[in-house]
Amino acid sequence: MKKVVYICSFLCGLMSLTGCTGGEKQVKEDGQCIFEKYEKYLVDPRTYVAYRTEGTLKIDGKLDESSWQKAKDTEEFEDISGKGFDAPKYKTTAKMLWDDDFLYVGAILEEPNITAKLTQRDTIIYYDNDFEVFIDPDSDGHNYFEIEVNAKNVLFDLMLDKPYRVGGDFFLQWDCPGIQSGIHIEGTLNNPNDTDKYWTVEMAIPRQALTLSFNNLLKAGNTWRINFSRVEWLKKPEENWVWNATGRIDMHMPDRWGYLHFSDNKVGTEETQLVYPHDKDIYKLMWAVFYAQQDYKNENGKYATLNEIPGLSAEMKQKLTMNVTPYTYQIRAEVPAEGKVYILNEEGYFKKEDKK
């Protein structure tokens, strides 16, 4: 049986930065600190720096080119629910590269019995064991992409307007134009009488397929939100193993995906430091309020004012303003170091505007 273990000590640094320590007496009198209550949704996401390829990649699933050999693996995948849950039974890692036209994704999935039954594109591929990619290129939490593939190299690709948790819908008619994918199997497909080693996935995802405006988002210096999922049918319900845990069995939480930063350096040369696209502490505070608002509305049938949200210290409240009605709200936070204002609403739509 899976068991959640809540460990709040790692939040001390965050609390000191965002005001929980300064308002500790008030918070403790009022109840649990908001960062403790929503800690599983506020753990720092994993990060990855993608470097340019040093040559052409043949998309055959083998990951044998020198660029792939030099690219670093991600951390091993973990259970989607995060800390305190069982580690995945089989190892999974991914890696990424890029050039001016494509984001390249490679993955290695250990599997002693590689199987796949589905053969038609845009059937629900996660009914097989599969590998999934989730991409939010502008990090706003809306209009993101999902691509799934099984060991037969059958794709399921779609675009979503917003997460399901806020009433989102998917656009199945979106087929990622120009995508290339390849599968390599170390073993035999659909043969339970032998022991397989692993299968590998290779994708070339076109820049133009992910463009929602005339702005080219696939360029050096940009940072995207991305996550990977592996559905494994060891039993029912299925196992969900991911690069970055979301905190619950729901991949459609773009604020809980990892950060992907694009370096202009070629893979295997000088390393680049990841650049976060926002102030981490203010961002966490705003999302803590978002999750508190979800709970408050479920319990009370309306959204709360800042003063009604449990676990917020006076210092936290000073960092935020919020326009609220019973059915909508907008959180705003000034970030003087950037000259920006961060904005987050009840649908999880996040954006930055110039401070006026």
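**Notebook: a loop glycine, a surface patch and a four-stranded sheet**

I began with Gly268, which counts as exposed because its relative accessibility is 59%, and exposed here requires over 50%. I note at the outset that I am working from a predicted model.

Looking up where Gly268 sits, I placed it in the loop that links strand S13 (258-266) to helix H5 (280-300). I then checked one long-range pair, and found that the C-alpha atoms of Gly268 and Arg52 are 9.3 Å apart, although 216 residues separate the two along the chain.

Next I turned to the surface and asked which residues make a nonpolar patch of about 370 Å². I recorded Ile124, Tyr126, Tyr127 and Trp233 as its members. Trp233 belongs to the loop between strand S11 (223-232) and strand S12 (239-242), and with a relative accessible area of 31% I entered Trp233 as partly exposed.

I then followed the sheet, in which four strands are ordered S14-S15-S16-S17, open and with antiparallel pairing. The edges are taken by strand S14 (321-324) and strand S17 (350-354), each of which has a single partner strand, so one side of each lacks a neighbour in the sheet. From one strand to the next I noted an average twist of 20°.

Which strands does H5 lie across? I listed S14, strand S15 (329-335), S16 and S17, and wrote down an angle of about 165° between H5 and S15.

For strand S16 (residues 340-345) I went through both pairings in turn. With S15, the antiparallel pairing runs over six bridges, and I found Val335 and Lys340 as bridge partners there. With S17, the pairing is again antiparallel and extends over five bridges, where Leu344 faces Phe350 of S17. I also looked up how far S16 is covered, and found five of its six residues buried, so that I entered the strand as mostly covered.

Last, I examined the turns on either side of S16. The hairpin of S15 and S16 has four residues between the strands, and in this hairpin Gly339 adopts a positive phi near 65°. In the hairpin of S16 and S17, which likewise has four residues between its strands, I found Gly348 with a positive phi near 75°.

How values were computed:
Residues numbered from 1 in each chain as written. Predicted model: local features only at pLDDT ≥ 70, side-chain atom pairs only at ≥ 80, totals over all residues. Heavy atoms only, no water. Helix = DSSP H or I, 4+ residues; strand = E, 2+ residues; numbered from the N terminus. Buried < 20%, exposed > 50% of the residue type's maximum accessible area, 1.4 Å probe, protein only. Patch = residues over 30% accessible without salt bridge, like charges linked within 9 Å, V, L, I, M, F, W, Y side chains within 5 Å. Areas by Shrake-Rupley, 256 points an atom, 1.4 Å probe, with all protein chains shown as cover. Salt bridge = Lys/Arg side-chain N within 4 Å of Asp/Glu carboxyl O. Pairing = 2+ DSSP bridges. Axes fitted to C-alpha atoms, helices over the stretch in contact; angles between N-to-C directions. Contact = heavy atoms within 4.5 Å.
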